[in-house]
Each structure stands twice: as C-alpha cells, then as structure tokens.
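Let's go through this one by asking what each label rests on. Have a look at the structure first.

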Amino acid sequence: MKREDISRKPLKLLGAKGEDEVARYLQAKGIKVIDRNWRIKGGELDLICEDHGVIVFVEVKTRTSNMYGTPFDAITPDKAFRLQRLALAWMAMHHRWGQDYRIDAAGVWMDGFGAIEIEHRKAVL
Amino acid sequence: MALARIRTLTLVGLEGHLVDIEVDIAEGLPSYTLLGLPDTALTESRDRVRSALVNSGFTWPNRRVIVSLSPAWLPKKGSNFDLPIAIALLVATGEITQESCDEIIFVGELGLDGSLRFVRGVLPTLLAATKEGITQSIIPRANKEEAALVRSIRSVSASSLSGAVHFLVTGEISDEPSVSDTEFFQETHLDLLDVVGQKSARFASEISAIGGHHILFIGPPGTGKTMLAERIPTILPPLSHERALEVSAIHSVAGILGERGALSPLPPFISPHHTTTSPAMVGGGSHVVRPGAVSLAHEGILFIDEAPECAPGVLDSLRQPLESGEVTISRASGSVTYPANFLLVLAANPCPCGKYSGRGRGCTCSSVQIRRYLQKLSGPLLDRIDIRTFVEAPTRTEMASENYGESSAQVRERVIQARAASAERFANDPWLLNSRIPPRELRGRFTAQRQAMSFLHSELDSERLSARGFHKVLRLAWSVADQKGHTIPTLDDAHVAYQLREGMEIL
C-alpha cells in the first residue's frame with residue numbers, strides 16, 4: 001500500500017479549506033491576494049498578498065484541536081528559515097526585488113461542525 | 001499588560017545581588033528567549049515554568065516570550081529563579097497586577113505540578129535583601145523556618161505557585177511562619193562529664209577555648225582525643241544572635257541547615273575525614289562555589305582526626321584561612337569569599353602504630369618512623385598551633401573513680417568570665433582573643449610580670465625557646481592568667497603556658 005493511500009487526503013482538504021478561509025478573511029481586511037500555493041523545489045508558499053505596497057507572505061496552519069500544540073507551534077525555527085528563503089525566491093522570480101515584504105502567520109481552528117476561528121499574526125519573523 | 005518586572009536576589013558567595021526579571025510578551029510565533037547569562041539549571045527553567053503554569057491552571061502565552069535577567073553581566077545560577085519568572089509571566093499576561101508584586105522578592109524552584117520546592121541559601125538571600133531595603137518576600141514553604149529568622153522581612157511561604165498567586169491577588173496568607181528561637185535550640189547531649197580523668201588535656205582545652213588557641217592532641221588510640229575535641233563546643237561561650245545567623249547563613253548555602261538547628265547558639269563542630277580533598281576543605285565546585293569545611297566551622301571547631309594521615313596539600317590549605325579568618329576561592333565563574341574563623345583542633349597518634357607512649361610498650365615502629373610521623377605536619381602549620389598536649393590512657397584509679405570531674409557548664413562559666421576579662425582588655429583593639437595579640441604589642445603593652453619575663457628570657461637565652469615560641473608562650477600565659485583571674489601573667493602562669501607547649505621536643 002502506498003503511503004499516499006492511507007489517509008492524507010482529508011488533511012490536504014483541511015489545509016486547502018483553511019487557506020481559502022484565510023484568503024477570504026484577508027480580502028475582507030483590504031489585503032489583496034496576488035498568488036496562491038506557489039511551489040518550487042524548496043517548498044511552498046501558501047498565500048502571497050499585497051498590503052499597502054508591502055508584499056505579505058502568509059503561512060497558514062489549520063488545526064481541528066490544540067491537542068498537539070497550537071497552529072503557531074507548528075512553525076518551527078527550521079520552517080521559518082525555509083519560509084524566509086522561499087519569500088526571497090518569489091520576490092526574485094516575480095521582479096519584485098527591493099520591495100518591502102513581511103512574513104505573517106495565520107492560525108485556523110475548525111471543528112467538525114463548521115465553526116471556524118482565524119488568528120492572524122503580522123510580521124512573525 | 002505585556003511587560004512585567006519582578007525582583008529576586010542571587011548569591012555570589014554570601015553576597016547578594018538584586019536581579020530584575022523583565023518579561024516581554026510580543027506578537028509573533030511562540031518562542032522563549034532567556035537573556036542574561038543563565039547557567040544550565042536556569043535554562044531548563046523554561047520547561048519547568050511552562051509545565052508549572054499549565055498544571056496550576058494558567059495558560060502559557062503562545063507568543064514570543066522574552067525573559068531578561070539584569071544586570072546582564074552577572075552570571076546567574078540555579079533553580080531559584082523559577083518562581084520569579086513564573087510570577088513575571090503571570091503579571092505580563094495580566095493574571096496579577098504589577099503593583100501587587102512591587103517591593104517583594106521571590107525565591108523558589110518549581111515542580112512540574114506547580115509545587116514550590118526547597119532551595120539552598122534562603123537565609124543569606126534574605127539577609128542580603130534587608131541590606132537592599134526589601135521588606136517582603138515569598139519563599140517555598142520548606143524554607144519557612146530559616147526565613148523566619150530574618151525578622152525585618154515579612155516572609156510569606158507558599159507550597160505551590162497557585163498559593164503564591166492567591167496571596168498576591170487576595171492578600172490572604174494561608175499559613176504564616178511563626179517560629180520562636182527556642183524551637184530551634186538544639187541541645188547537645190555531649191558533656192565533659194563523659195571524659196574520664198585527663199586533667200591536663202581538659203585544662204589545655206579550657207585554655208584553648210579561652211584564648212582561641214589552636215590545639216593539637218597527641219596520644220595513643222582510644223584514650224579520648226576525639227571525645228575531648230567533640231566536647232570543646234560545649235565549653236565555648238554560646239554564639240550571639242548575629243553570629244548564629246552568620247553561621248546558619250553559611251550552612252544554608254551549603255544546604256545542610258537542617259542538620260543543625262538554625263540559630264543554635266552552640267558553636268558548630270565540623271570534622272572532615274582525613275582523606276578529604278582540598279576543595280572539600282576550603283570550598284569549591286565548578287558552578288556554584290560551595291563553602292568548605294573551614295567555612296562550615298566558622299565561629300566553631302574544625303577538628304581533624306589522624307591529622308598526619310591527611311594528604312600533604314590539604315592541611316597546608318588551612319594556612320590562609322587560619323591567617324585571615326576568611327577564605328577566597330577563585331573559579332572561572334568568579335571569586336567568592338566565605339568567612340572561616342575557626343578554632344583548629346588536630347588529633348594525632350604519636351607514631352604510625354599508635355602505641356608509642358608511656359613506656360612505649362608494644363610499639364612496633366622504628367625510631368625513624370616515629371620521628372617522621374609527626375613531621376608530616378608541616379612547619380608553617382604547626383607554627384599556628386599554640387597548644388600541644390599529650391593525652392595518655394586513663395589510669396586504673398581514674399577509671400574506677402566516682403569523682404567525674406567538672407561538667408561542661410562549669411567550665412563554660414569560667415571560659416565566659418575569662419573571655420569577658422580579655423574583651424575588656426582589648427576594648428580598643430581590633431582583636432578579641434589572646435591568641436590574636438600581634439607580636440609587637442606582646443613586647444609593649446602586653447608583657448607579663450617581671451619574674452615571668454625574666455624566666456622566658458632565660459629560656460630564650462638557653463635556646464630552649466625560639467623567638468616565635470616566646471610569643472606563643474606569652475599569649476598562652478595571658479589566657480592562663482585570665483583563667484586564674486590574674487590581671488597580668490605571673491611566673492606561675494608563664495610556667496603553665498610553657499608546659500602547654502611541651503610537645504616541642506618531638507616536633
């Protein structure tokens with residue numbers, strides 16, 4: 001049996017749903033989403049937005065409970081370093097070099113009954 | 001409120017330094033940064049504090065937490081920062097108001113369940129805090145007895161983090177320490193009555209106690225050298241309140257206050273084994289520099305049995321504390337000074353087999369061995385020992401006698417009187433005991449009666465007494481005079497003093 005077959009699919013769906021929710025939340029706050037799920041060899045950027053001329057990279061973490069730590073706990077120093085590199089790569093490849101940028105984190109809590117809670121922390125790195 | 005400041009105190013030796021603990025909770029990913037030269041135990045506080053907070057029913061701030069210990073240059077050690085860090089976090093998260101914690105110092109280690117644990121050195125910490133003008137403290141329940149000794153600080157003891165928080169929020173004290181001195185008075189069961197005979201050794205001990213003269217007992221095994229030494233604390237004057245606090249403070253740093261009643265007026269008796277190492281003797285340790293045997297014996301007795309069996313360097317490491325009354329230990333983390341003003345009592349067998357006394361019957365040692373044995377005690381150390389006395393096996397009549405000799409209380413009474421006399425004499429001088437009279441003064445203000453002086457001078461002329469020995473005998477003569485109630489040493493006193501140095505020929 002391939003690893004893929006077991007049950008990764010629901011998790012992927014959960015993550016994608018969380019990202020949708022955050023995108024909607026940010027748009028409502030006047031932050032424009034300009035790119036999504038940008039993926040290169042080194043990893044993936046969830047949401048790339050623009051907030052008053054500042055490029056904002058948002059890492060979205062979705063959880064159904066805090067049993068294994070909060071969504072923010074999942075952004076380890078190692079992952080933060082990768083985000084930093086990905087952000088610079090995106091800027092270079094989209095000719096945005098030199099523009100101000102920041103990295104935000106968004107935590108999404110979803111229980112099985114449709115209740116959703118979003119916390120957005122700015123400039124976490 | 002995302003900023004908080006809590007105060008605590010850290011010890012370098014017995015000296016306290018106020019430490020401000022600042023906590024800032026900032027936006028950002030969950031992280032915990034501890035600044036200000038923490039050691040390993042302190043770095044580990046992160047996990048202890050976190051578990052303790054969560055298990056006490058508080059929430060851990062899932063944000064960027066920065067804890068700064070200032071002054072930043074001072075290396076900070078140990079686990080007694082747990083409680084102040086936890087309280088600072090609770091102030092920063094708004095569980096407690098900043099005002100309720102001002103003017104209070106916090107000391108304590110946290111268990112994972114939020115319980116407050118015993119820490120070393122609470123007594124000296126609080127003593128140092130009084131000097132900084134602090135009036136209130138929160139300390140672990142297990143430390144409440146020693147905290148109660150510092151009367152100028154209102155110490156609230158708590159058995160858990162939530163207990164401490166409860167007090168800060170409501171001002172209610174679940175349990176206030178209320179202990180009286182008498183509870184701590186630890187009576188000893190030792191008494192001079194136990195010692196059979198040994199008239200001259202008893203007398204030597206008394207003179208030693210009066211003038212603070214270091215003493216060496218020489219005698220075969222089983223004659224009572226150790227018994228006598230153990231009983232010297234019982235004939236010393238009881239410690240004053242301040243002195244007892246000082247002694248307890250040192251014992252608190254070493255973490256052995258429980259073995260000795262805090263504030264016990266009985267001078268401490270410390271007897272390191274002859275295999276002890278120099279660091280154990282003078283103090284040491286890589287992280288926290290602990291007081292050694294010399295400091296634990298501060299204001300009391302340091303007794304070394306089988307002194308010639310000690311490693312050569314160990315006895316010589318006593319020379320600095322004997323000279324200055326304190327000991328300075330230098331390590332990578334800094335140097336620390338502990339007081340070490342003790343009365344040195346050494347015991348030795350006369351030869352390796354121990355039987356060379358009286359007629360020397362049964363002694364299997366060669367004459368060279370006998371001569372070398374006591375020479376293991378180095379010259380400079382022996383110079384500092386005023387009294388050398390032989391302890392012979394008690395005779396048959398002494399063993400059978402029902403006349404027990406004097407009790408400790410009787411002797412102590414005389415010692416106290418004699419010390420009062422000498423204290424009066426030295427009222428304007430920096431020293432308090434006869435053994436500390438400087439040589440110059442011995443030849444000037446503190447000479448003996450004329451006949452006594454001419455006796456000592458003739459001994460000097462005939463080379464039976466060295467110049468140094470001359471001064472020692474004169475100091476001893478003053479102690480003998482104090483014991484007999486003479487205002488100035490007489491010829492008799494000088495004779496007695498001369499005899500107290502009788503070990504001279506073999507050394």
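**What the labels rest on**

Q: Why does the radius of gyration of chain A agree with a compact globule?
A: The rule, 2.2 Å times the number of residues to the power 0.38, works on C-alpha atoms. For 125 residues it puts a compact globule near 14 Å, and chain A has 15 Å, so the two agree. The C-alpha atoms fill a box of roughly 45 × 35 × 25 Å along the principal axes.

Q: How far can you trust the atoms here, and how are things numbered?
A: This is a predicted model, where local features need pLDDT of at least 70 and side-chain atom pairs 80 or more, while totals for chains, interfaces and linings use all residues. Residues count from 1 along each chain as its sequence is written, chains are lettered from A and ligands numbered from 1 in the order written.

Q: What makes up chain A, going by helices and strands?
A: Two helices and five strands, in the order α-β-β-β-α-β-β from the N terminus. These are DSSP runs: H or I over at least four residues for a helix, E over at least two for a strand.

Q: Why are β1 and β5 of chain A called edge strands?
A: Strands pair if DSSP finds at least two bridges between them. In the open sheet β1-β2-β3-β4-β5 of chain A, with mixed pairing, β1 (32-40) and β5 (116-121) each pair on one side only.

Q: What makes β2 and β3 of chain A a pair?
A: Five bridges join β2 (43-51) to β3 (54-63) of chain A, and the two run antiparallel. I48(A) stands opposite F57(A) in β3(A).
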